[in-house]
Every structure is written in structure tokens, then in C-alpha cells.
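Please look over the sequence and the model shown here before reading on. The questions below are meant for someone meeting them for the first time.

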Amino acid sequence: STTTITNNNPQHRHPHRNSIKLERRRLDRLKKELDRQQKKLNEERMKLQQQVETLRSEQNMVETNKLAESKLKSELDKTKKEKRELRKLYEDAQCEMKQL
């Protein structure tokens, strides 16, 4: 007598179709993971861009301050020079007063 084995397991009915389903699921998972990582990278990129902007504006402020400092220094030097000249004039005037 011949025995026929009937296989009722649905996974064995269409092995090819089943492996396609598994592959699709695997690809879906990979795509989700890729999307998640892409999102994370974009967030990082945004943070870095903000930091760059902040650093740029700080750099501009530093340069502006250096310019202002330089201007003030030259003003101060001019004032010191004028003060020396005035002191000299004052001393000369004092000497002339004593001689009178």
C-alpha cells in the first residue's frame, strides 16, 4: 500500500510565496530603520547648523569689539597726547608768569 503524506502546514504549501513575504517584511523593517536614522541625522545636522550660526555671530561680535577697541585706543592715545601738550603749555605759562 502507498502512503501519501499530505502536508497541511501552510508554510510548506507555497515556499516561494512565503519567502517573498518574509523578504518584504525584512525590507520594511530595514526601510523603517533607515528612515529613523535619516531623521536622527537630519536633527543632528540642524543642531550643527545652529551651532555654526551661533559661532558666526559670536565671531562677528568679536571682530566688531576688536574694531571698537582699536578706535577707543587711538582716541585714548590722542587724548593723552593733547593732555601732554596742555600740560606743557600750562608749565610754559607758569614760567612766564613768574618772570613778570
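What follows is a short set of questions and answers on helices, exposure and charged side chains.

This is a predicted model, in which local features need pLDDT of at least 70 and side-chain atom pairs count only at pLDDT 80 or more, while totals for chains, interfaces and linings use all residues. Residues are numbered from 1 along each chain as its sequence is written, and side-chain values use heavy atoms, with hydrogens and water left out.

Q: How many helices does the chain have?
A: Helices (H or I, at least four residues) and strands (E, at least two) are DSSP runs, numbered from the N terminus. By that count the chain has 0 strands, and its helices number 2.

Q: What share of the 100 residues in the chain is buried?
A: A residue is called buried under 20% relative accessible area, exposed over 50%, and partly exposed in between, using a 1.4 Å probe and protein chains only. Among the 100 residues of the chain, the buried share is 0%.

Q: Which residue forms a salt bridge with Arg36?
A: A salt bridge is a side-chain nitrogen of Lys or Arg within 4 Å of a carboxyl oxygen of Asp or Glu, and the structure holds 8 of them. Arg36 and its partner both lie in helix α2, 3 residues apart, about one turn of the helix. Arg36 is partly exposed because its relative accessible area is 44%. With the closest N and O atoms 2.8 Å apart, the partner of Arg36 is Glu33.

Q: Which side chain meets that of Glu75 in a salt bridge?
A: Glu75 has a relative accessible area of 43%, so this residue counts as partly exposed. Its partner also lies in helix α2, 3 residues away, about one turn of the helix. At 4.0 Å, N to O, the side chain that meets Glu75 is that of Lys78.

Q: How far is the backbone oxygen of Glu75 from a polar atom of the side chain of Thr79?
A: Thr79 is found in helix α2, and it counts as partly exposed because its relative accessibility is 46%. From the backbone oxygen of Glu75 to a polar atom of the side chain of Thr79, the distance is 2.8 Å.

Q: Why does Lys81 count as partly exposed?
A: Lys81 is found in helix α2, which spans residues 15-99. Lys81 counts as partly exposed because its relative accessibility is 48%.

Key:
A polar contact is a pair of N or O atoms within 3.5 Å; within protein, one must be able to donate a hydrogen and the other to accept it, and residues adjacent in sequence count only if both atoms are side-chain atoms.
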